[in-house]
Amino acid sequence: MLCFFAATVFWFFNALNKSYTTNISFPLHFDYNPENYVPVTALPKEVRINVSGIGWNLFRRSSGIKIPPLTIPLERPSELKKIVGSALPGFFSNQLEGLEINFVITDTLYINMQPKAGRWLRLSIDSVQQNLDRNFTLSSDVKVVPESVFVEGPMSIVTKLDEPTKLKINDQNIDANYRQDLKIDLAQGDLIKCNPSYVFVTFGVEKLVSVSDSIKLEILNAPAKSHLGMNLSKIPCTMGVPESLSKDFDPNRVKAVIDLKGFKRGNVKLLPQVMGLPEHSRVLKIDSVRIRY
Amino acid sequence: MKPIEIGITGGIGSGKSLVSKVFHSLGVPVYDADSRAKNLMTTDGILISQIKKEFGALSYYEDGSLNRSYISVKVFNDPERLKVLNGLVHPRVGEDYTKWVKEKNNSSYVLKEAALLFEANSYKGLNKVIVVSAPEDVRVERVVKRDQHRTEAQVRDIIRNQMPEEQKLLKADFVIVNDEVKMVVPQVLEIHQKIIALA
């Protein structure tokens, strides 16, 4: 047994001293100024090369233990779209001690980098109403603190961000005053760095009181000498009014309006627009009106 | 049909001309921008008058040939003056090349050989670029053997003043290694096939 073990060790070390040819994947490192440039798509992580060398060097490299990455210097990376595989030996020949490059198997390394750009970006919150419980409404303006953040990333993306950029709140059925940190989640956000990366969003909510009544119906821009085929002066409507305003709310100040401007003569069914509601109130139910003229 | 335009470049002593000759032997028309530039400097009336105006009448001998040593003294070690000279010559070479390409309608592709293809930004109008690459020591040895008036130190100086080979390789679509170890002709044939396939 001991002889067998000794023979195996002898054979192994003897084999490591012989010369071989093999394909090895080497990790890549791109040397560029990260202050001025930023990758738009992930840079290639490795390159596959056919190399020759003594067994020990090949074993060490192919085992992947402590392999220093091969470095490609990029002085003006935004001018590059690709590096062809046949150009790579020129970069690596001095970096592969004890190995000889026969050829590069990787056909092309694709590079997509851009100059880095930075700007202040104003933020606002996309319509909050849809995030509220159906029985609640806003009772104050939506505040975002800070109102602007500094964004940094690829020039083509940073320069195209909307001003202001609208953020979405993920919480649903909100039924209490809101005070939350919100992560700034931008399109292609993995490429953009925001400072700070969170904003503080606050707004007040208030319970809605349901008021059902008949409100005045007004038809605008009806053609002269036309017969509207209806005989309504009021229509039923259910309105949600903030609790604090409900005591003073007078449904007679509210009206439903139908504007016929732009409609062709015929038989049409239209949803009236309710006007005169107090701030932060909303229509909970109203029927559409059929008009023939 | 307009031929595909391929550039071929490389540092001094890399063997651009040798590679171009192999392409030429395959029937590919080759435009040697450096030779054409020298030619235009003695035959293009507009260019001659511009050079005389900028560098003086001594730029030319009485027989009309270019006073190379005078021009060399004027631009050597003076990057600004060299820039002025290049600014006069490159546009005229560009026009000459455009005319030349128009005459090569029967070829599937043409080759433009130029040492300063990247430096003069003239690669931008080309479809693909071949970079001829060789180790610096090999290049120095070749140039010293070819240009016997140049010392090794002068050649290394010229190499240092050119765009580093690594930067050229990054912009290459094809690379031909001319290191006197790897055979050139198979590399040329492979690229030739690839370009024909593009046409």
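In this predicted model, 14 residues of chain A are in contact with nine residues of chain B. Putting the two chains together buries about 1,000 Å², and carbon and sulfur atoms account for 54% of that area.

Let's look at what holds polar character across this boundary. Chain A and chain B share two salt bridges. One of the residue pairs joined in this way is B:Lys171 with A:Glu79, whose side chains meet at 3.5 Å, N to O. Counting polar contacts between the chains, with both residues at pLDDT 80 or more, gives three residue pairs.

Which elements of chain A each supply at least two residues of the side that touches chain B? They are the strands β4 (70-73) and β5 (82-84), together with the helix α3 (89-92). The largest share comes from β5(A), with three residues. By residue type, the side of chain A that touches chain B divides into eight nonpolar, two polar and four charged residues.

Here is the interface in brief, with one value per row.

| Item between chain A and chain B | Value |
|---|---|
| Residues of chain A in contact with chain B | 14 residues |
| Residues of chain B in contact with chain A | nine residues |
| Buried area | about 1,000 Å² |
| Salt bridges | two salt bridges |
| Polar contacts (both at pLDDT 80 or more) | three residue pairs |

Now to chain B itself. Its secondary structure comes to nine helices and five strands. Read from the N terminus, the elements follow the order β-α-β-α-α-α-α-β-β-α-α-α-β-α, so you can trace them along the chain in the view above.

Chain B has 199 residues, and 47% of them count as buried. Among its contacts with a separation of 6 or more, 70% are between residues 24 or more positions apart. The area that chain B exposes is about 10,800 Å², with 54% supplied by carbon and sulfur atoms.

A good residue to click on is B:His192, which lies in helix α9 (residues 184-198) of chain B. Is B:His192 buried or exposed? The relative accessible area of B:His192 is 12%; because this is under the 20% cut-off, B:His192 counts as buried. Leaving aside residues up to four places away in sequence, B:His192 touches B:Phe23, B:Leu26, B:Val28 and B:Tyr109. Selecting these residues along with B:His192 will show you the surroundings of this helix α9 residue.

Notes: Residues are numbered from 1 along each chain as its sequence is written. Chains are lettered from A and ligands numbered from 1 in the order in which they are written. Side-chain values use heavy atoms; hydrogens and water are left out. Helices (H or I, at least four residues) and strands (E, at least two) are DSSP runs, numbered from the N terminus. Buried means under 20% relative accessible area, exposed over 50%, partly exposed in between (1.4 Å probe, protein chains only). Contact means heavy atoms within 4.5 Å. Accessible areas come from the Shrake-Rupley method with a 1.4 Å probe; for residues, only the protein chains shown count as cover. Buried area is the accessible area (1.4 Å probe) that two parts lose on being put together, summed over both. A salt bridge is a side-chain nitrogen of Lys or Arg within 4 Å of a carboxyl oxygen of Asp or Glu. A polar contact is a pair of N or O atoms within 3.5 Å; within protein, one must be able to donate a hydrogen and the other to accept it, and residues adjacent in sequence count only if both atoms are side-chain atoms. Ala, Val, Leu, Ile, Met, Phe, Trp, Tyr, Cys and Pro count as nonpolar, Asp, Glu, Lys and Arg as charged, and the others, Gly among them, as polar.
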